[in-house]
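Me: I would like to go through this model one point at a time. Please keep each reply short and end it on the value or name I ask for.

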Amino acid sequence: MKKKKIGALRKRLLMYLTFILVLAAAVVFLMPTVLTITNSFMSTTEISANYGQIFENSTGDKKTYISEKVNLKFIPDFVSFSQYKTAFITSPAYLLKFWNSVILTVPIVAGQLVMASGAAYCFARNRSWTANAIFFVYIILMLMPYQVTLVPNFMVADFLNLIDTRWSIILPGIFSPFAVFILTKFMRRIPTAMIEAAKLDGAGEFQIFSRIFMPLCKGTLYSVAILIFIDYWNMVEQPLIMFKATGDELYPLSVFLSQVNTNDAGLAFAVAVVYMIPSLLIFLYSEDYLVEGIAYSGGIKG
């Protein structure tokens, strides 16, 4: 009896320690988000007083070390909406950059899902050595970071006269191999018995694709869409390289956030809050699909 009580006590203690560690990790990861939201309601004077030393040392040609402690404040002394007024009313350019992000990201997500669904279905149904060799090339391309393929993409876009247009970013994004790889690995685990049964009922390839593969891939499609959206919603290098002559006219909001300086520090907090809203809404709405797609990426839900 004593051994059982000691074992139960150890399990309970281990559970409490695990909970404390997970809670501490959650607090650490959520702290920047909470700090951004609360600081967006601070006045410019208060933000400069608390964080001015950071930005003063990160701008200009000469870099120096921070000699003063930075005051991380989670609760503003006075709640101010001046930053949001500037972002939404005084300077509509920030809203324009927000819509630039939407115009660039949404076509990439939609186009990549359409192209990847068809390509993945072909790879899943065709197991020849040629198809496997092409799929292996897809894997190699997926493993390469975007910075490696940036120069070839720029050269191709320049050859097609797409530089300084949104198509120079949208087209490479649509044909990205990431979604093809994920969907192919999932589709190849769909039982062949389901396909054979559909063929006996007179179903063609398009009917098999639309009525069997697509419904079964619903969770994976949502998962891939979320990952694609987050990836391209936060892009910085592509616009900086592809939009070389238009200035900041076509820049997404992510480029502005990456170029924060002393004067824009307070405004950046408010803009960052607005910028994270689409990602949060998509994640909260599609959380169940994301978990399902990850949980059943190695097989079919039964």
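Me: Which residues of helix 8 are buried?
Reply: This is a predicted model, and in it helix 8 spans residues 178–187 and is mostly covered. Seven of its ten residues are buried. They are Ala179, Val180, Phe181, Leu183, Thr184, Phe186 and Met187.

Me: Which helices do the buried residues of helix 8 pack against?
Reply: The buried residues in question include Phe181, Leu183 and Met187. Their packing partners are helix 4, helix 5 (129–143), helix 10 (205–216) and helix 11.

Me: Which residues touch the most other members of the largest nonpolar core?
Reply: This core has 59 residues. Helix 4, residues 93–125, gives the most to the core, with 13 residues. The residues that touch the most other members are Met187, Phe213 and Ile228.

Me: What is Phe213 in contact with, leaving aside its neighbours within four places in sequence?
Reply: Phe213 is one of the core residues that touch the most other members, and so is Met187. Met187 is also among the contacts of Phe213. The full set is Tyr121, Ala124, Arg125, Met187, Ile190, Ile195 and Ile208.

Me: How many salt bridges does a search of the whole structure find, and which side chains meet there?
Reply: The search finds one salt bridge. The N to O distance is 2.9 Å. The side chains are those of Arg125 and Glu205.

Me: How many residues apart are Arg125 and Glu205?
Reply: Arg125 is in helix 4 and Glu205 is in helix 10. The pair thus links distant parts of the chain. The separation is 80 residues.

Me: Are Arg125 and Glu205 buried, partly exposed or exposed?
Reply: Buried means under 20% relative accessible area and exposed means over 50%. Arg125 has 27% relative accessibility, so it falls in between. Glu205, with a relative accessible area of 40%, falls in between as well. Arg125 is partly exposed, and Glu205 is partly exposed.

Me: How is Leu23 classed by relative accessibility?
Reply: Leu23 lies in helix 1, residues 2–39. Its relative accessibility is 45%. Because the range between 20% and 50% counts as neither buried nor exposed, Leu23 is partly exposed.

Me: What accessible area does the nonpolar surface patch with Leu23 have?
Reply: Besides Leu23, the members of the patch include Leu13, Phe19, Met31, Leu72 and Phe74. Taken together, the patch residues have an accessible area of about 1,100 Å².

Me: What phi does Asn161 have, and where is Asn161?
Reply: Asn161 is not a glycine, yet its phi is positive, at about 60 degrees. Asn161 is exposed, with a relative accessible area of 65%. Its place is in the loop between helix 6 (146–159) and helix 7 (167–174).

Me: What phi does Asp164 have?
Reply: Asp164 lies in the loop between helix 6 and helix 7. It is not a glycine, and its phi is positive. The value is about 70 degrees.

Me: How far apart in space are Tyr146 and Glu237, C-alpha to C-alpha?
Reply: Tyr146 lies in helix 6 and, at 22% relative accessibility, counts as partly exposed. Beyond four places in sequence, Tyr146 touches Asn153, Gln238 and Met242. Tyr146 and Glu237 are 91 residues apart in sequence, and their distance in space is 8.9 Å.

Me: Which residues does Val236 touch, not counting residues up to four places away in sequence?
Reply: Val236 is placed in the loop between helix 11 (218–233) and helix 12 (237–242). Its C-alpha is 9.1 Å from that of Phe256, 20 residues away in sequence. The residues touched are Ser254, Val255 and Ser258.

Me: How many helices and strands are there, and what share of the residues counts as buried?
Reply: The protein chain has 15 helices and zero strands. It has 302 residues, and the share that counts as buried is 36%.

Me: Where does pLDDT stay under 50?
Reply: Over the protein chain the mean pLDDT is 80, and 83% of residues reach 70 or more. In the stretch under 50, the model has ten contacts beyond four places in sequence. That stretch is residues 298–302.

Technical notes:
Residues numbered from 1 in each chain as written. Heavy atoms only, no water. Helix = DSSP H or I, 4+ residues; strand = E, 2+ residues; numbered from the N terminus. Contact = heavy atoms within 4.5 Å. Core = buried A, V, L, I, M, F, W, Y, C linked by side-chain atoms within 4.5 Å. Buried < 20%, exposed > 50% of the residue type's maximum accessible area, 1.4 Å probe, protein only. Patch = residues over 30% accessible without salt bridge, like charges linked within 9 Å, V, L, I, M, F, W, Y side chains within 5 Å. Areas by Shrake-Rupley, 256 points an atom, 1.4 Å probe, with all protein chains shown as cover. Salt bridge = Lys/Arg side-chain N within 4 Å of Asp/Glu carboxyl O. pLDDT = per-residue confidence, 0-100.
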